[in-house]
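Hi,

Here is the structure I promised to pass on. Have a look at it first, and then read my notes below.

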Amino acid sequence: MAFKLEARGASSRRWVYGAPVLAVLLTLVFGGILFALLGFEPLAALYTFFISPLNSAYGVAELLVKAAPLALCAVGLALGFRGNVWNIGAEGQLTMGAVTGGGVALALGDSGAGWWVLPLVMMAGMAGGMLWGMIPAWLKTRFHASEILVSLMLTYVADLFLSMMVHGPWRDPDGYGFPQSPMFGDAATLPILWAGTRLHLGVLLALLAVAVGWFVIARTFIGFQIKVMGLTPVAGGYAGFSHKRIIWMSFLLSGALAGLAGVCEVAGPIGQLQPVISPGYGFTAIIVAFLGRLHPVGILLASLLMALSYLGGEAVQISMRLPLAVTGVFQGMLLFFLLACDVLIRYRLRWLSSVREAG
Amino acid sequence: MVLEPSSSLSPPVAPPPRLELRAIDKRFPGCHANRAVSLTLQAGEIHALLGENGAGKSTLVKIVYGIQRADSGTILWDGQPVRIHSPAEARRLGIGMVFQHFSLFDSLTVVENIALGIGWKKPLAELASRVEEISRRYGLPLDPLRTVHDLSVGERQRVEICRCLLQDPRLIIMDEPTSVLTPQEVTVLFSTLRLLRDEGRTILYISHKLEEIRALCSAATVLRAGQVVSQCDPRQETAQSLAQMMIGAELKAVQRTQASCVGEDRLVVDGLHLSPSQPFGITLDGVSLTVRAGEIVGIAGVAGNGQNELLAALSGEQLSPRAEAVRIDGQPVGLLGARARRDLGMAFVPEERLGRGAVPDLSLADNALLSGYGRQALVRRGLIHFGLVNAYADRIIDMFSVITHGRRAEARSLSGGNLQKFIIGREILQKPGLLVCAQPTWGVDAGAAAAIHQALIGLREQGAAVLVVSQDLDELFTIADRIAVICQGRLSETHPVHETTVEQVGMLMGGLFETPEQPEGVHTHGL
């Protein structure tokens, strides 16, 4: 079966939305093949991976709990990606948000019990993420350093910093030497919205971020400038938009949202600082952003899907004794197929048998 | 091999035409580029292929030169049907082409470039002597050992022509060869082309410059919307009648009034020195210029002589070393960016429409916002006021007769002329005190060009200062009040248009700044 790719006159609107759907289907097909090769009944394994986690109310709540940090990070990243600003270090900004927000929560301990404690913790988390985002922004605008490399490498710095804090000054004296902080006070913990589950206020904050993200993109002038800079930087320069401003805005916004995701994790489901607080949410958010077509509503859906891949990975680990790496395999396949399917937006397939040779 | 006119090149006795195209048809997705085009080229003629942008000229010659393949139709070469699958095959048959955009390596010498282009395997010295011989024979002065980077655009074209002639072609296709030349260089080129014709070679000459075609060509084929609309002898036609065939409608002449009252200085450029920000850029060397309210000043010049650098320095995309080097309404703006200069009343039409003047993937409404945000107050407290944006876009489309299916159309979907009308309309409706406009009608069809010229003159009559940078001398002589020439990063004095001639401007374009203006200086160079 020979075929060739033929350029379309204009990009296909149908395939902008069709490509993610096709990518998900291909991921299911190849996931099934993968399970079959490992010696499992493919349909049963796919059921375990994708459906069984949602069989209970608790499972649904867990899905939302995992989707929240993904959506928070991805909305911020999408803003930058639209403007060709490549923040790859949301994971690090998330970690620093957890450190600064957690630091404030620990400092206040049980002493502070006012209503203002939680907002303060949240703001501290956002400030931490923002601060971590400012470093690549400054190096990029001042020295033209690649923001991709700088933001990525700062992730490891943030991880080590968190590790240092929980092994050192913030280690719980009553924690039997485990490298983790004391549990946060109630006033510094996100309230549970659904009794019997871990569904916390952060999920609503994520929804709010999605709405704000949509508003910024669709209604504000800075959103328009980011879009122009992403599509045609030269036209942005002609219009008098400042490239540096776009870089700063992108990093500040995405840093703040990633920081918020981080502090919501430690003030929510985790309740304390630990050496590892994220199973790679900041990196997975890059897939979420692209899977959601850099659009907040798409990101909402994509974050649910990727959250499911975390739950599915845990489910097959428990019931089929497969390694947790299955999660990464599924996420990787999804991104791979998405990038491949995106070709169809600008090109159409032509089967060569139907093409008439002309001289 | 010496280029002697061989027996096959002498005028044919019982002539099969050199090249005959029969019913050539070519479709692209969304565009029928050639519809049953037939064309006959005789030995020893200069044949014009005439048509507006998008009429299908380029597609047709690409098919002849083997770059593209026709969907259907026949090509006869010396009466024999042939299939031309590649440019190499076209060259083997004896078809050569001189492109509008040159493909030369800047850092290599002339002879090295030619050797690369034709796959020369023998010593370079041998090739150099052949290049010298050809350049002597055909009046194409060229030093084979110079680096291409140092050559003027006209000299680069000679390299291309020389490369083409080394292969002894019997059909030479020339794509808009004069668009980059000074009037004097055009005269030299034409005598070369006539020499080639007299040797029995055929030249297919693509152009939309009607006077040139009337002076040079003995036959013309006019294309419109992919179809042959006329085959004629251009010497028997007027420029007016040729234009009518080309656009299929009467062409409105531009109405122009004398400058009623020229007002205060709007734009002052004062001894601007600027080093290029890009390699092979041009250094601006003490550029001084004044544009006053109520006049149009034109800057002529061959492309690549510092126009882009000057325009970037005026728009604010490139900052000047001193604030005083550029002043708008007396205010120093050399250190201000594009946004601040817009706020001071400057509007700007760049040379590249798609990709600088407009974002291809965005709608016309968004593209109206692109530069109109400030002076049209389309943004309030950081929020876009979509009602105003849409009304503004509709007003541009309506007042400047932009042909489109509405403000939601993507900029890329518009033809070049319509997009240019949109961009110029967008800038003019901002009621600028100063409009800087680069190549306003380059690649624009004749009808749209007339509308654009009228709009620029209208703006001037409302008392705005207008600066037009163009390679098209006819255009500058039609609309400008004063004219200056840029060459190698230096700008000449301005001269009132009615006190100067195309020849004088041409001299300046060739860089003869020091010559005091005296009419007898005109005939010293190539005329």
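A quick word on domains before anything else: the bounds used here come from an automatic or database domain assignment. With that in mind, chain B is divided into domain 1, covering 19-247, and domain 2, made of 252-345 plus 436-513. Please also keep in mind that this is a predicted model.

How do the two domains of chain B sit relative to each other? Taken over C-alpha atoms, the centres of domain 1 and domain 2 of chain B are 32 Å apart. They do touch: 12 residues of domain 1 of chain B are in contact with 15 residues of domain 2 of chain B.

**Chain B as a whole**

Chain B contains 16 helices and 23 strands. Its radius of gyration is 24 Å, close to the 24 Å that the globule rule gives for 527 residues, so chain B is as compact as a globular protein of that length. Along the principal axes, the C-alpha atoms of chain B fill a box of roughly 75 × 50 × 40 Å.

Of the 527 residues in chain B, 53% are buried. If you take the contacts in chain B with a separation of 6 or more, 66% of them are between residues 24 or more positions apart. The exposed area of chain B is about 22,100 Å², and carbon and sulfur atoms supply 51% of that. As for charge, chain B carries 52 positive and 58 negative side chains, with the centres of the two sets 6 Å apart.

**Chain A as a whole**

What is the secondary structure of chain A? It comes to 14 helices and two strands. For 359 residues, a compact globule would have a radius of gyration near 21 Å, and the 22 Å of chain A agrees with that. The box filled by the C-alpha atoms of chain A is roughly 85 × 60 × 30 Å along the principal axes.

Buried residues account for 51% of the 359 in chain A. Among contacts in chain A with a separation of 6 or more, 77% involve residues 24 or more positions apart. Chain A exposes about 16,100 Å², with carbon and sulfur atoms supplying 70% of it. On the charge side, chain A has 20 positive and 14 negative side chains, and 19 Å separate the centres of those two sets.

**A helix in domain 1 of chain B**

Let me take you to helix α3 of chain B, residues 110-118. Here B:Val110, B:Val111, B:Asn113, B:Ile114 and B:Ala115 are buried. What do these buried residues pack against? Their partners are α4 (124-137) and α5 (153-165) of chain B. Just after α3(B) comes B:Gly119, which takes a positive phi of about 65°.

**Two alanines to look at**

Where would you find a positive phi on a residue that is not a glycine? B:Ala23 is one of these, at about 50°. B:Ala23 sits in strand β1 of chain B, residues 19-28. Is B:Ala23 buried or exposed? With a relative accessible area of 36%, B:Ala23 is partly exposed.

B:Ala377 also has a positive phi of about 50° without being a glycine. This time the setting is a loop, the one between α11 and β17 (379-380) of chain B. B:Ala377 is partly exposed too, its relative accessible area being 35%.

**Where chain B touches chain A**

Helix α11 of chain B, residues 364-372, is also the home of B:Asp366. B:Asp366 has a relative accessible area of 15%, so B:Asp366 is buried, the cut-off being under 20%. Which residues is B:Asp366 in contact with, once its neighbours within four places in sequence are left aside? The answer is A:Phe224 and A:Lys227.

**One spot in chain A**

Finally, try A:Leu207, which belongs to helix α7 of chain A, residues 202-219. A:Leu207 is partly exposed, with a relative accessible area of 43%. The C-alpha atoms of A:Leu207 and A:Ala68 are separated by 7.9 Å, although the two residues are 139 residues apart along the chain.

Happy browsing, and write back with anything you would like to go over.

Cheers

Note on methods:
Residues are numbered from 1 along each chain as its sequence is written. Chains are lettered from A and ligands numbered from 1 in the order in which they are written. This is a predicted model: local features need pLDDT of at least 70, side-chain atom pairs count only at pLDDT 80 or more; totals for chains, interfaces and linings use all residues. Side-chain values use heavy atoms; hydrogens and water are left out. Helices (H or I, at least four residues) and strands (E, at least two) are DSSP runs, numbered from the N terminus. The radius of gyration is taken over C-alpha atoms; the globule rule is 2.2 Å times the number of residues to the power 0.38. Buried means under 20% relative accessible area, exposed over 50%, partly exposed in between (1.4 Å probe, protein chains only). Contact means heavy atoms within 4.5 Å. Accessible areas come from the Shrake-Rupley method with a 1.4 Å probe; for residues, only the protein chains shown count as cover. Lys and Arg count as positive and Asp and Glu as negative; His and the chain ends are not counted. The place of a charge is taken as NZ of Lys, CZ of Arg, CG of Asp or CD of Glu.
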